[in-house]
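Here are my notes on the model you sent over. Have it open while you read, and shout if anything looks off.

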Amino acid sequence: MLIPRKYQSIAVAAVLLIASLAILSYSTIRLSETGLLRKVVLEAAAPVEDAINISLQSLHEVWNRYLFLVGLEDENRRLRKQNAGLTEQLNRYREGHLEALRLRKLLDLKEGFPQRAVAARVIDCNSTSLFKTILINKGTADGLRVALPILSDRGVVGRIIETSWHASRVLLLIDGNSNIDGLIQRSRAQGILQGGGSAGCNLKYISRAEEVRTGDVVVSSSLSGVFPKGLLIGFVTGTSRSEGGLFQRIDVAPAVDFEKLEEVLALIEDKKPKP
Amino acid sequence: MITYSLLPVLLLMLVVVQTTILDLFPLGLISIEISLIVVIYAGFHLDALRGGILSLVLGFFMDCLTSAIFGLYTFLYLLIFYLTMILAERMYGERPTLIAVFTGLCTLVEGLVIVLFYRFAFGADILYTLPKVFLPQAVVVGLLSPLFFRLFHRLEVFPHAEGTRPAQRI
């Protein structure tokens with residue numbers, strides 16, 4: 001070896017540093033030139049850099065999409081909440097609309113009577129128990145009293161059996177204790193309509209000779225003076241004549257659906273002082 | 001032999017990763033220069049020839065892919081390698097604090113040389129980059145260097161390092 005072992009490291013360092021300085025000086029003077037080795041390195045590195053950048057771009061897009069989805073989830077939750085609120089609001093409006101329609105029918109009905117009519121809301125319904133009664137939110141403070149007739153837009157509901165200041169109990173016409181004078185509209189045959197529980201009503205004391213058909217309309221006859229004449233009570237659903245009896249049995253289905261009763265009308269006959 | 005043929009490829013990959021992935025971290029103008037840590041690690045563990053060639057190749061790749069002035073990083077890395085090699089004979093290069101401080105100082109030296117080179121070669125005054133870029137970069141690279149030293153040691157990036165020139169205590 002020309003160079004002693006002790007100085008080999010120094011020699012290598014000197015050679016490499018001088019070479020690098022020479023390269024640096026050369027490239028500083030001639031900036032525009034790109035050497036072959038540099039071209040090779042650039043060619044080799046470019047596809048790798050491109051692949052990495054594409055992967056990073058994809059990751060970036062995935063991340064952005066994730067963030068978008070997170071935002072979307074929040075928005076979805078907010079919209080669901082808003083949707084629930086709007087549905088509830090729509091439901092309230094729909095209820096209000098239907099109530100208005102029912103009240104309009106009651107109002108139309110009210111205008112057809114000479115008596116004073118008071119609209120009331122059904123606040124309790126005991127039609128499933130033994131006694132078929134309902135509770136309404138008007139009482140003596142509104143002029144209601146015992147025995148006043150109660151109607152709905154479909155027809156006769158029943159009569160008041162007890163009252164307080166701001167509530168009244170109504171005996172439905174399907175209760176076993178209920179007896180209303182009625183007549184068959186077509187034949188004008190008169191009888192007493194007695195409640196038969198959930199099965200409906202029975203029109204009693206109609207002669208066997210009387211021709212009664214299924215579907216005949218039964219209306220109030222005002223014989224007892226409780227109900228005005230001609231109010232719809234129900235429809236005949238069947239007749240039977242037992243052997244040896246004087247009368248026939250007539251089943252009547254009430255016109256009013258007591259399960260869906262919400263508003264009713266109480267007819268108040270103002271008592272005139274007797275002369 | 002396989003190591004010698006694979007090493008340039010690995011070094012090129014290192015520079016590519018350094019210039020693509022690590023640049024994604026939001027550190028502003030600061031770049032995490034792992035290649036400089038490699039050069040310093042080589043200064044502590046390799047001999048003049050192998051370490052010099054490694055620094056030359058790494059600097060060359062840096063020049064090819066990042067530098068505007070070809071040969072600047074080649075010269076800088078060689079300079080830092082030999083500077084480290086000289087100092088490694090006089091200090092114990094296994095203490096993390098020392099590694100961090102020394103790497104930070106080398107980053108500052110690198111910045112200073114670049115600033116001076118621009119000043120004298122092109123008449124450009126980029127002195128402001130020292131406090132704004134190179135000082136924070138020196139802190140970041142310095143803090144990361146002990147971790148990378150341990151990683152390089154574990155991975156045995158330099159399989160022939162042992163038996164050549166271990167770090168010495170004065």
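**Notes on the strands and the cores**

1. Starting with chain A: strand S10 (residues 232-240) of chain A runs antiparallel to S11(A), and the two pair over six bridges. Keep in mind that this is a predicted model. One bridge to look up is that of Gly238(A), whose partner in S11(A) is Asp251(A).

2. Have a look at the turn as well. The hairpin of S10(A) and S11(A) has six residues between the strands, and Gly244(A) takes a positive phi there, near 85°.

3. S11(A) has another partner. Strand S8 (residues 201-207) of chain A pairs with strand S11 (residues 247-254) of chain A, again in the antiparallel sense, over five bridges. Here Asp251(A) turns up once more, as the bridge partner of Asn202(A).

4. Now the cores. The largest nonpolar core counts 48 residues, and Val39(B), Ile40(B), Phe61(B) and Ile80(B) have the most contacts inside it. Both chains feed this core: at least two residues each come from helix H1 (5-29) of chain A and from helices H1 (2-20), H2 (34-45), H3 (48-65), H4 (72-88), H5 (96-122) and H6 (129-155) of chain B. H4(B) gives the largest share, 11 residues.

5. For a closer look, pick Val39(B). Setting aside neighbours within four places in sequence, Val39(B) is in contact with Ser55(B), Leu58(B), Tyr77(B), Ile80(B) and Phe81(B). Apart from the core of Val39(B) lies another one, of 38 residues, including Leu183(A), Leu203(A), Phe227(A) and Leu265(A).

Technical notes
Residues are numbered from 1 along each chain as its sequence is written. Chains are lettered from A and ligands numbered from 1 in the order in which they are written. This is a predicted model: local features need pLDDT of at least 70, side-chain atom pairs count only at pLDDT 80 or more; totals for chains, interfaces and linings use all residues. A nonpolar core is a set of buried Ala, Val, Leu, Ile, Met, Phe, Trp, Tyr and Cys residues joined through C-beta atoms within 7 Å. A residue is buried if 20 or more other C-beta atoms lie within 10 Å of its own, exposed if 12 or fewer, and partly exposed in between; C-beta atoms are placed from the backbone. Helices (H or I, at least four residues) and strands (E, at least two) are DSSP runs, numbered from the N terminus. Two residues are in contact if their C-beta atoms, placed from the backbone, lie within 7 Å. Two strands pair if DSSP finds at least two bridges between them.
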